[in-house]
Amino acid sequence: SPAQPFRPLREKSLPALPETLRQPVEARLLSLRSLDSQLAALAAAGTAIPAELRYLAGLTRIDSIVLSPDGTDLSLAGPAEPFAAVRGNRMVGLHSGRPVLCLEDLLAAFRDADILEAAGCSIDPDPERLAAAHNWLARNSAPATVAVAKARLEQMVRLQGHWNVTTFGVPEDSRMCLSMCEADYLMKRIAIGTDATGIRGLKSSLALARPGDNMMRRWWFAPAPDPLTVSADHDLWTLQGPRLQLFAQEEVMDDSGNLLDISTSRGSADEFATLFNRHLPELTQKIPAFADLQNILDVLTAVAVCRELQTAGTLQFQPQMLADPAVLPGRSWPVPRETLPMLTYRSASGGLIIGAFSGGVTLRSRQLVEMAATPDAVTAPNPTDSTTLRSVAVSRQDTGDMPSGKFWKDLPAGPGQGVSD
């Protein structure tokens, strides 16, 4: 059980949480209006923001986005758990180990004008240094022993230097930006075989490659098909399935070192992406950065829904604290701007297979909202499919008033619902 490794941490950490947050629940409803009001009250009193608000009452994902019956509030619903920091200072649920949602990500989503259009990152070689490395290899490509070939690869690594980390659409010093870069970096380390996952059936791209394959490849995270549905009245939005998907593209290099997409594929690049997507639920359990990226997409989608409803005039709510960086400034995070080359090799019959793997993250949340279909027009996820995140059912009538002094409330568990240890 994923819960077992967290039992000692849970026993140690629970007393530090408010008693109302010490039990896991299947469905917790969070009011954006009440959250905004509580933040305003804390700012007026000069009081620090407590963990209950900074980690959004322990929500581990967003399953539903609900417009209140009177159109004055928007609520987010999903499972929630007590939480504590683990290695790397990431806050995770103490039952599932899944990262909890962060207020900082919600602030970034509300405050940046471009973030809903396209937000992400990319790890790529410097074109000039890449061209120099390949020109050197072209001059030193005579048949050689494996030892000499490895020495040539090491020289190529030195010539390429560090690869560039670029970001777009997201505040470059935000927690959200750092989390995107982390997920991208760790995915590539799995692709090149540097990090073993211990997941049966998930092989690295290098292990899957065959002699003659094009080994200049790009992988990137983007929303999976149909992760969002909307009711006919546009008052209930539901996120479903794995949220994310890994996409693959083979590339070629021009004379200047620029990487260009090609339309053909020999299969092993797509094969790695297929295996990665198939094992994404296991990966999110083992590597919290991937679950964190799913949560970021949930948050961006929720804010995109908010903006859509505001534009349509059906949501009469304009957040003040959430949207104004002057009154509630966000924290600055150390986002890296370069990394070691994503370049590797393995021995094969007739020599070495060398791989150079670039790629990134691209999340277009406004496009998701614009393309959302009604549930009857979308194939529902198979509940027995390992890629399915089971969503909890929430209705518009569940919103209502929040308990006094609270920005969230727990909903009664439906048939078969509940969280076990």
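A residue is called buried here if its relative accessible area is under 20%. By this criterion Cys102, at 7% relative accessibility, counts as buried in the predicted model, and Cys181, whose relative accessible area is likewise given as 7%, is buried because that value falls under the 20% limit. The structure holds zero disulfides. Cys181 is accordingly in no disulfide, and the nearest cysteine sulfur, which belongs to Cys121, is 4.2 Å away; since a disulfide requires two cysteine sulfur atoms within 2.5 Å, this pair does not qualify.

Burial on a wider scale is seen in the nonpolar cores. The largest nonpolar core has 98 residues, and those with the most contacts inside it are Leu32, Leu35, Met180, Trp219 and Phe276. Helix H11, which spans residues 288–312, supplies the largest share of this core, namely 13 residues. Apart from the largest core lies another one, made up of seven residues, among them Leu29, Ala77, Val394 and Met402. For Leu32, when residues up to four places away in sequence are not counted, the residues touched are Asp73, Leu74, Leu76, Leu106, Phe110, Phe317 and Leu322. Such grouping agrees with a general tendency: in soluble globular proteins, nonpolar side chains tend to be buried together.

Strand pairing was examined around strand S7, which consists of residues 163–168. Strand S6, residues 119–124, runs antiparallel to S7 and is joined to it by five bridges, and within this pairing Asp124 stands opposite Asn164 of S7. Strand S7 also pairs in the antiparallel sense with strand S13, residues 338–339, in this case over two bridges, and here Trp163 stands opposite Thr339 of S13. Strand S7 is thus a partner in the pairing with S6 and in the pairing with S13.

Two loop residues have backbone angles that deserve a separate description. Leu56, which lies in the loop between helix H3 (51–54) and strand S2 (64–67), has a positive phi of about 45 degrees although it is not a glycine. Leu56 is also buried, with a relative accessible area of 2%. Arg243, found in the loop between strand S10 (236–239) and strand S11 (244–253), likewise has a positive phi, near 70 degrees, and is a residue other than glycine. With a relative accessibility of 0%, Arg243 counts as buried, because the limit for that class is under 20%.

Methods. Residues are numbered from 1 along each chain as its sequence is written. This is a predicted model: local features need pLDDT of at least 70, side-chain atom pairs count only at pLDDT 80 or more; totals for chains, interfaces and linings use all residues. Side-chain values use heavy atoms; hydrogens and water are left out. Two strands pair if DSSP finds at least two bridges between them. Helices (H or I, at least four residues) and strands (E, at least two) are DSSP runs, numbered from the N terminus. Buried means under 20% relative accessible area, exposed over 50%, partly exposed in between (1.4 Å probe, protein chains only). A nonpolar core is a set of buried Ala, Val, Leu, Ile, Met, Phe, Trp, Tyr and Cys residues joined through side-chain atoms within 4.5 Å. Contact means heavy atoms within 4.5 Å.
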